[in-house]
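Got the model open in your viewer? Set it to cartoon, keep the side chains ready to switch on, and follow along.

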Amino acid sequence: MAEVKELVIQTRLGPRTISAERIIDFPRGIIGFEDLHRFTLLQIKADSPFLILQSIDDPEQGLLVADPYSFMERYEIKVGDTEQKILQLQDRKDVAVLVTVTIPPGRPENTTLNLTGPVIINTVSKVGMQIPQTDAALPSHYLLSEKN
């Protein structure tokens, strides 16, 4: 059987062609989506800091995510040895950090970043995982309207 080089999926953003090298494997799934393991990142608009972490396994599922460093200067996360092995991390520069975004219906001014459940992606191995953070000094949510 020939290896699939790209596939077309129907998303809420319309049909998207996804190349095989853009598929990220989440061996443990994502909180709330534990049975879904293959995702890709879709850009909403060229100049937007927001992305959709789109499920390949169930194209109706996707999470709004953002690079937290686009909104805040400091955001430190802890990645344990076990997580580093699963992610196949060799170099910190190969890591992309994303956080989920919540936009309350009808209240976009109350948009928040969820800082306690970052999604970590090894951009080289294309392996990702959500790593809950337990640092009490870290707020659970960052209100975007507070951005300086």
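Here is a short walk through a few stops, with what to select at each one. Bear in mind that this is a predicted model.

**Stop one: the strands around Phe-39**

Start by selecting residues 24-25, which make up strand 3, and residues 38-43, which make up strand 4. These two pair in the antiparallel sense, over two bridges. Show Ile-24 and look across to strand 4: the residue standing opposite is Phe-39.

Now add residues 50-55, which are strand 5. Strand 4 pairs with strand 5 too, again antiparallel, over five bridges. A hairpin of six residues takes you from strand 4 to strand 5. Which residue of strand 5 is the bridge partner of Phe-39? Select Ser-55 and you have it. So far, then, Phe-39 has Ile-24 opposite and Ser-55 as its bridge partner in strand 5.

**Stop two: aromatic rings**

Leave Phe-39 on and turn to ring pairs; the model has three aromatic pairs. One of them is Phe-26 with Phe-39, an edge-to-face arrangement with 5.2 Å centre to centre and 75° between the planes. Phe-26 sits in the loop between strand 3 and strand 4, while Phe-39 is in strand 4, 13 residues apart. Buried or exposed, these two, Phe-26 and Phe-39? Both are buried.

Next, select Tyr-69 and Tyr-75. Their ring centres are 6.1 Å apart and the planes meet at 50°, so this pair counts as tilted. Try a surface view here: Tyr-69 is partly exposed, at 37% relative accessible area, whereas Tyr-75 is buried, at 4%.

**Stop three: Asn-122 and its surroundings**

Jump to residues 119-122, strand 9, and show Asn-122, which lies in that strand. Asn-122 counts as buried because its relative accessibility is 2%, against a cut-off of under 20%. Zoom in on the side chain: one of its polar atoms lies 2.8 Å from the backbone nitrogen of Val-124.

What else does Asn-122 contact, leaving aside neighbours within four places in sequence? Select Leu-87, Gln-88, Leu-89, Asp-94 and Val-127. Two of these, Gln-88 and Asp-94, are worth a visit of their own.

**Stop four: Asp-94**

Asp-94 is in the loop between helix 1 (81-87) and strand 7 (95-102). Asp-94 counts as buried too, with 17% relative accessibility. Beyond residues up to four places away in sequence, Asp-94 touches Ile-121, Asn-122, Thr-123 and Val-124. Try a distance label from Asp-94 to Ile-121: the C-alpha atoms are 8.1 Å apart, with the two positions 27 residues apart in sequence numbering.

**Stop five: two positive phi angles**

Most residues other than glycine have a negative phi, so a positive one is worth a look. Go back to Gln-88, in the loop between helix 1 and strand 7. Gln-88 is not a glycine, yet its phi is positive, about 60°. Gln-88 is partly exposed, at 44% relative accessible area.

For the other example, select Lys-126, in the loop between strand 9 and strand 10 (127-130). Lys-126 has a positive phi of about 60° as well, and is not a glycine either. With a relative accessible area of 29%, Lys-126 is partly exposed.

Note on methods: Residues are numbered from 1 along each chain as its sequence is written. This is a predicted model: local features need pLDDT of at least 70, side-chain atom pairs count only at pLDDT 80 or more; totals for chains, interfaces and linings use all residues. Side-chain values use heavy atoms; hydrogens and water are left out. Helices (H or I, at least four residues) and strands (E, at least two) are DSSP runs, numbered from the N terminus. Buried means under 20% relative accessible area, exposed over 50%, partly exposed in between (1.4 Å probe, protein chains only). A polar contact is a pair of N or O atoms within 3.5 Å; within protein, one must be able to donate a hydrogen and the other to accept it, and residues adjacent in sequence count only if both atoms are side-chain atoms. Contact means heavy atoms within 4.5 Å. Two strands pair if DSSP finds at least two bridges between them. Rings of Phe, Tyr and Trp (its six-membered ring) pair if their centres lie within 6.5 Å; planes under 30 degrees apart count as stacked, over 60 as edge-to-face and the rest as tilted.
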